[in-house]
Amino acid sequence: MSSKKGAYETNASDTDFRKKYDREANVAKAREQEAKEKEEGRLRYEAKLAGKKYYAPLAGDETLTSARATRLDVSANVGKTILLPAGAATGKRGRGAGFYCQACDLTFKDSLQWVEHENSMQHLRAIGQTGEVQRASAEDVRRRIDEIWERLEREKHEEVVSLGERLEGRRIEDEKDREERRRKRKELAERKKEEKEKEVAVKKDYGEDIRVEGEHDEDDMMASMGIVGFGSSKK
């Protein structure tokens with residue numbers, strides 16, 4: 001019986017497509033994770049006994065805490081619909097409906113809790129910052145003021161441009177509405193003019209005694225109610 005050959009003339013079996021697992025590597029990884037969780041549990045317990053809050057220990061490669069480069073946008077998800085699986089978040093742990101912190105895997109139900117978490121030591125340690133702020137020199141303060149001023153001027157310019165675009169769009173919409181109203185008034189006037197011309201043509205052909213539909217509706221209604229006139233001699 002000849003052995004099976006692959007596309008590149010190599011020996012292949014029926015189960016070569018299956019993923020192969022390194023049992024020893026997986027066991028070592030599981031033991032390392034278990035030891036890490038035990039150490040974290042011990043540190044949490046010791047911090048609780050000392051009446052302190054537990055923070056992840058420093059690894060040595062953290063950076064000093066600095067100001068945010070962007071603003072926190074608390075209205076980014078307003079009006080949006082987000083689909084989440086049932087039981088996605090238990091309490092604050094996991095991704096759920098609300099403000100989600102990816103670094104800490106926590107979900108907060110209101111913006112106040114989320115902002116407080118963004119400034120907490122727990123979050124700073126999770127994103128690789130020490131929580132300590134570097135003392136700024138006079139030159140750093142001047143440079144920071146210049147950066148903020150340039151950013152405010154840029155945002156102000158963009159806001160003016162967007163406002164102008166909104167006003168222009170509103171003007172176009174108003175012009176369309178006025179044009180539509182003019183078209184309807186013109187159609188109504190033309191229709192009344194055609195009806196009037198038809199009445200004049202009918203009376204011209206058949207005389208003044210001919211009754212045009214709708215012309216004497218008011219007189220007929222008054223006659224049916226027994227109202228002959230109001231005592232006026234005017235015809």
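Accessible areas here come from the Shrake-Rupley method with a 1.4 Å probe. On that basis, the chain in this predicted model exposes about 21,300 Å², and carbon and sulfur atoms supply 52% of that area. Buried residues account for 9% of the 235 residues in the chain. Let us begin with the overall layout and then walk through the buried parts.

The chain has 5 helices and 4 strands. Following the sequence, you will meet them in the pattern α-β-β-β-α-α-β-α-α. As for how the chain comes back to itself, take the contacts between residues at least 6 apart in sequence: 33% of them join residues at least 24 apart.

A good place to start is helix H2, which spans residues 111–118. At the start of H2, look for Asp110: one of its side-chain oxygens reaches to within 3.1 Å of the backbone nitrogen of Leu112. Which residues of H2 are buried? They are Trp114, His117 and Glu118. Viewed down the axis of H2, these buried residues fall within an arc of 100°, so they line one face of the helix. The general geometry is worth recalling here: an α-helix has 3.6 residues a turn, so residues three or four places apart point the same way. Turn to the face of H2 that points away from the buried side, and you will find the exposed residues Leu112 and Glu116.

What covers the buried residues of H2? The cover includes strand E2 (99–101), strand E3 (106–108) and helix H3 (121–126). Trp114 gives a closer view of these surroundings. Leaving aside neighbours within four places in sequence, Trp114 is in contact with Phe99, Tyr100 and Phe108 among others, and its partners also include Leu72, Asp73 and Val74.

Trp114 also belongs to the largest nonpolar core, together with Phe99, Cys101, Cys104, Leu106 and Phe108, which makes 6 residues. The elements that give two or more residues to this core are E2 and E3. In soluble globular proteins, nonpolar side chains tend to be buried together.

The two cysteines of the core deserve a moment. Are Cys101 and Cys104 buried or exposed? Cys101 is buried, with a relative accessible area of 3%, and Cys104 counts as buried at 8% relative accessibility. A disulfide requires cysteine sulfur atoms within 2.5 Å, and by this rule the count comes to 0 disulfides. Cys101 is in no disulfide, and its nearest cysteine sulfur, that of Cys104, is 3.8 Å away. Likewise, Cys104 is in no disulfide, with the sulfur of Cys101 as its nearest at 3.8 Å.

Two threonines complete the tour. Thr107 sits in strand E3 and is buried, with a relative accessible area of 2%. Not counting residues up to four places away in sequence, Thr107 touches Lys92, Gly94, Arg95, Gly96, Ala97, Gly98, Phe99 and Tyr100. Phe99, then, appears both among the contacts of Thr107 and among those of Trp114.

Thr130 is found in strand E4, residues 129–133. Thr130 is also buried, with a relative accessible area of 16%. Where do its contacts lie, once neighbours within four places in sequence are left aside? Thr130 is in contact with Glu62, Thr63, Leu64 and Thr65, and also with Met121 and Arg125.

Notes: Residues are numbered from 1 along each chain as its sequence is written. This is a predicted model: local features need pLDDT of at least 70, side-chain atom pairs count only at pLDDT 80 or more; totals for chains, interfaces and linings use all residues. Side-chain values use heavy atoms; hydrogens and water are left out. Buried means under 20% relative accessible area, exposed over 50%, partly exposed in between (1.4 Å probe, protein chains only). Contact means heavy atoms within 4.5 Å. The arc is that of the directions from the helix axis to the C-beta atoms. A polar contact is a pair of N or O atoms within 3.5 Å; within protein, one must be able to donate a hydrogen and the other to accept it, and residues adjacent in sequence count only if both atoms are side-chain atoms. A nonpolar core is a set of buried Ala, Val, Leu, Ile, Met, Phe, Trp, Tyr and Cys residues joined through side-chain atoms within 4.5 Å.
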